[in-house]
Amino acid sequence: MASSSLVGHLVFPPENGHKVWEDQTFIKWRKREPHVTFHCHESIEGSLKYWYERNKVNYLVANSAVWNDDAVDRALDSAAFWVRGLPFVKSLSGYWRFFLASSPSKVPENFHDSAFHDSEWKTLPVPSNWQMHGFDHPIYTNFTYPFPFDPPFVPKENPTGCYRTYFKIPEEWKGRRILLHFQAVDSAFFAWINGVPVGYSQDSRLPAEFEITDYCHPIGSGNKNVLAVQVFKWSDGSYLEDQDHWLLSGIHRDVLLLAKPSVFIADYFFKSNLAEDFSYANIQVEVKIDYSRETSKENILAKYTLEAALYDTGGWYKSDGYSDLISSNVANLKLNPSSSRCAVPGFRGYFLEGKLGVPRLWSAEQPNLYALVVILKDESGSIVDCESCLVGIRKVSKAYKQLLVNGHPIIIRGVNRHEHHPRLGKTNIEACMVKDLVLMKQNNINAVRNSHYPQHPHWYELCDLFGVYMIDEANIETHGFDYSGHLKHPTLDPSWAPAMMDRVISMVERDKNHACIICWSLGNESGYGPNHSASAGWVREKDPSRFLHYEGGGSRTSSTDIVCPMYMRIWDIVKIAKDPNEIRPLILCEYSHAMGNSNGNIPEYWEAIDSTFGLQGGFIWEWVDQGLLKDGPDGSKHWAYGGDWGDFPDDLNFCLHGINWPDRTPHPAMHEVKYVYQPVKVSFMEQTLQIKNTHFYETTEGLEFSWAVHGDGWKLGSGILSFPLIKPQSSYDIEWQSAPWSTLWSSSSAEDIFLTITAKLSQSTRWVEAGHVISSTQVQLPAKRKFVPHLIKTKDAAFHSEIIEDSIKISQQNLWEIILNVRTGAFESWKVEGVSLMNKGIFPCFWRAPTDNDNGGGSASYLSLWKAAHIDRLHYITESCSIQNKTDHLVKITAVFLGVPKKEDGSSSNLENKDYLIKTEVIYTIYSSGDVIVECNVKPNPNLPPLPRVGVEFHLEKSLNQITWYGRGPFECYPDRKAAAHVDIYQQKVDDLHVPYIVPVESSGRADVRWVTFQNKNGFGVYASIYDNSPPMQLNASYYTTAELQRATHIEDLIKGDTIEVHLDHKHMGVGGDDSWTPCVHDKYLVPAVPYSFSIRFSPITPATSGQDIYKSQLQN
């Protein structure tokens, strides 16, 4: 104890003036070697009971996920839950005394002493990030270091958290060794027990463990022990933690006390070696024993016996209770005396070996698990120590251009996942982690990349149980060094080698027994150099059973077993895959940047992946919008992003790039992800419907297939689809003539006929209840006749028309009335049976509220090009408007609009300004039936960049809020993100169309719309449809104007208008998404500045009519 105190004075502040938190060569002191997660069981039965309870987790747990203030207490509940059933593990989580000093020099003197009075301090829940509880503020940056760049030094003004808590050692722990275990602390910290320094550690995402046996008060003395912790917001380790996420500080994972016997199991490594035909597995466990307190170090196993056994969890729940747990034993492992003294690189210990016949293999499709129990017995045969974990029997291997799992070239349908909770920051809750996994599995996601650091230890258990392939990534990112050429990069500097390697080694040692991990990653965006090579060498020697991943240095260095680019374009990944000299598979470590209204082009990526040997999938960036809950001035809460706390530097809303909102409500793009990831593929060609099972292990036995056929929105028929079981990686063809829908097709006169094939789960699983749709595909059946232009059949009823000053008023008795201004060419009023419908329109429109992807690319971005061309400042001058034809049955009016940019001061141009950008001729033909045909002929200046949209805009009375449309839906979709959206007739309220992206952008669109109606609660309204030869339209309707969406920077800032702004677009540019920092909408989804012509039919709607009937009337049979 005296020597520890002496060394502590040399290490701990402020005794010697040396700031160890600014010394990259000093990364830990008195920290125990990394190891697997301890459970410290008292018996074999106790360990099996623990896993019996853990294995019960299923989708119902996700219902308890919370994302608001209630999460603070739920985090403490989770900490208690995770140690339930572990008699020698005690959680110290709870409310601790806390003081935040502005710098290490301002820390209260001797705050770590037992006698220090902390009653005036505030309390802070542990685990937590202190910024999420009103201390300091969060900072978000992408790659810019949030402090002056001067490695390894950090600012003197370095907020420093001082923690104190009290604990007693349970009486039952008497005679045992006590370990103090921090699951993770950001960024560096010192710890004291009863005033004695016990350790120092860095690495914000991995455990730090210290033995404190000698520093605790004797058990039974009645004295409480004092644990004091000093946490530095910044340290030299912060230079290795430059990830793209919120920078949050403190003890953000649990703090545990572990009780171990004097000689104990200190680590163990499970390995399985499958036979070529998978009929059996040779299994081995390497065990490390801690006997450091034994006086005699020789021949320790003369006094102790090591044993291990496997128990099959698959049959545990066939009967009630724990009675059959021991009988589930399927393999016993015995010590191999000949190998126990061998020097094995990377591991000091003993080898237990055995054999398992006919193993149930683990995969993401079939996550079969066994409980491994390792025990240490004394000379009397009594169990001294017992450790356990869940393990899977599976083989990860290499083939030419392939990653194989159990001999199959699996496809990675993945996402990147940061640990993020909108209320807690980096702190985890069991139910919230389960919610993530349930959502992933329900949306056909089978893989996760832990971006960009090791995550909570229970996350790995859950991934093992639910079945998710994983890349486990070391807590290393030095992105900011890329922009500082005057300094040596850490990976090139030997002084940083120990810190970098320690982070990789500690990750592997903690997580090595998890079946879900098929690949280790050396970190993210950290350049490439000798320190990576050294780390790669260690990992490959330690664990050759897994792949190694690292994207830095160009994604094809010798330190990666996978070609793993990020955001590479489709043509480039195909080129690499077809390179015969590249023997590694290509898996995109990041693709489809999900920032705001994004994720266009995913189907194109998967057409390439599904058809190109050597491409094995990828990980979407990313899982969740990293918005944090923030109190507004009125007490309401909203999701905040970078800069909202006055933090600087910041990267604004670049943290909002997930396919879920912070509360795990899926973005509309999730539907597209689920579609391209679906395991059952349906295709139609040459009179044959093919159903393909792309699973590698599962047949279609657990699926129920159904079919439905719709013609022009009418349901023609449906039924159960029966066919023989389809084996993995096999398909079944249904010939057209024998299909149950063939007669419906042959007898239908519909213009559009769609067939939908759906596959549902027939049984509940861990992640969803029975009836869940895993695959649904709609195919358009061939037309039986040539397309005929749409026409209206009007009755020759007379109507009344009169010119009043600048307006023409057209009406038919009391049925309808239209007033059109012949000077401006705009509708001033449209009424049906006295009900006002439209009060502004119909104008050409070419602008949209810019998306994040529109804004990406600096001067080359679409938004920059639009602004340079003044498209963002267009307003419309009526060059001419005249009545071309007027009879008792129709009126034809032609208006010519010139799109002219407003002046720099915002004032309007006048007719003398002939420098127009777009000329649009609009021809209104108003029939006595009340129909209005609008023909638009658009002529843009050919020098303009691609246009945001080409269409019309009009404003409806806000009461017309009931919308019905025939087109794609029911969710938001755009030209390059619509594969998942089926064509059907849908009904919603206008409010429900709105998609609340945290930063408002162009949103709420619906693609391929044939017709749409807007009606009030009494059934009066307006109908609009494609007409003549015009193709389906892009629809948008919202109470928020385009200008308002562009103005607001937060969703809560939006102000509803007094009307419904409607856009019907002949062409609408895609949303893009290959990335968000270059203009990357694919060519086929751009809207070039060329002439366009299109027609739209408008009709009045009454309670006696329907959109479907009106549309049917314009189809020529």
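Start by selecting Leu 629: with a relative accessibility of 18%, this residue counts as buried, because the cut-off for buried is under 20%. Keep in mind as you go that you are looking at a predicted model.

**Stop 1: around Leu 629**

Colour strand E30, residues 628-631, and you'll find Leu 629 in it. What does Leu 629 touch, once you leave aside its neighbours within four places in sequence? Show the side chains of Trp 67, Asn 68, Pro 422, Arg 423, Lys 637, His 638, Trp 639 and Trp 645, and you have the contacts.

Now add strand E31, residues 637-640, which pairs with E30 in the antiparallel sense over 4 bridges. To see one of the bridge pairs, pick Asp 631 and its partner in E31, Lys 637. E30 and E31 make a hairpin, with 5 residues between the two strands. Click on Gly 635 in the turn: its phi is positive, at about 90°.

Before you leave, try the distance tool. Put one end on the C-alpha atom of Leu 629 and the other on that of Ile 842, and you should get 41 Å. Along the chain, these two residues are 213 residues apart.

**Stop 2: helix H9 and its neighbour H8**

Next, select helix H9, residues 602-611. Is H9 largely enclosed or largely open? Of its 10 residues, 7 are buried, so the rest of the structure largely encloses H9. Those buried residues are Ile 602, Pro 603, Glu 604, Tyr 605, Trp 606, Ala 608 and Ile 609. To see what they pack against, switch on strand E23 (412-417), helix H8 (570-577), strand E28 (586-591), strand E29 (615-620) and helix H10 (669-677).

Stay with H8 for a moment. The axes of H8 and H9 come within 10 Å and cross at roughly 10°. That makes the two helices roughly parallel. On the H8 side, the contact is made by Ile 570, Ile 573 and Val 574, while H9 brings Glu 604, Tyr 605 and Ala 608. Sort these residues by class and you get 5 nonpolar, no polar and 1 charged.

A handy thing to know here: an α-helix has 3.6 residues a turn, so residues three or four places apart point the same way.

**Stop 3: helix H2 and its neighbour H5**

Jump to helix H2, residues 44-54. In H2, 8 of the 11 residues are buried, so this helix is largely enclosed by the rest of the structure. Highlight Ile 44, Gly 46, Ser 47, Leu 48, Tyr 50, Trp 51, Tyr 52 and Arg 54 to see the buried ones. Their cover includes helix H3 (71-82), strand E16 (305-312), strand E19 (370-377), strand E20 (383-391), helix H4 (430-442) and H5.

Bring up H5, residues 457-466, and turn the view until you can see both helices. How do their axes cross? They come within 12 Å and cross at roughly 70°. H2 and H5 are therefore roughly perpendicular to each other. The residues in contact are Tyr 50, Trp 51 and Arg 54 from H2, with His 458, Glu 461, Leu 462 and Leu 465 from H5. By class, this contact has 4 nonpolar, 1 polar and 2 charged residues.

**Stop 4: a sheet of 9 strands**

Now for an open sheet. Its 9 strands follow the order E39-E40-E41-E42-E43-E48-E55-E54-E51, and the pairing is antiparallel. At the edges stand E39 (800-804) and E51 (1006-1009), each with a single partner strand, so one side of each has no neighbour in the sheet. From one strand to the next, the twist averages 20°.

Zoom in on E48 (residues 949-957) and E55 (residues 1059-1068), two antiparallel strands joined by 9 bridges. Select Phe 954, and then Val 1062, its bridge partner in E55.

Then move to strand E40, residues 807-812, and click on Ser 807. Ser 807 counts as buried, at 10% relative accessibility. Not counting residues up to four places away in sequence, Ser 807 touches Glu 802, Ile 819, Leu 820, Asn 821, Val 822 and Glu 828.

**Last stop: the cysteines**

How many disulfides does a search of the whole structure find? The count is 0. Select Cys 432 to see an example: the closest cysteine sulfur, in Cys 463, is 15 Å from its own, too far for a bond. Cys 432 is buried, with a relative accessible area of 5%. Finish on Cys 1080, whose sulfur is 16 Å from the closest cysteine sulfur, in Cys 589, and that is also too far for a bond. Cys 1080 is buried as well, at 7%.

How values were computed. Residues are numbered from 1 along each chain as its sequence is written. This is a predicted model: local features need pLDDT of at least 70, side-chain atom pairs count only at pLDDT 80 or more; totals for chains, interfaces and linings use all residues. Side-chain values use heavy atoms; hydrogens and water are left out. Axes are lines fitted to C-alpha atoms, for helices over the stretch in contact, and angles run from 0 to 180 degrees between N-to-C directions. Angles under 35 degrees count as roughly parallel, over 145 as roughly antiparallel, 65 to 115 as roughly perpendicular and the rest as oblique. Contact means heavy atoms within 4.5 Å. Ala, Val, Leu, Ile, Met, Phe, Trp, Tyr, Cys and Pro count as nonpolar, Asp, Glu, Lys and Arg as charged, and the others, Gly among them, as polar. Two strands pair if DSSP finds at least two bridges between them. A disulfide is a pair of cysteine sulfur atoms within 2.5 Å. Buried means under 20% relative accessible area, exposed over 50%, partly exposed in between (1.4 Å probe, protein chains only).
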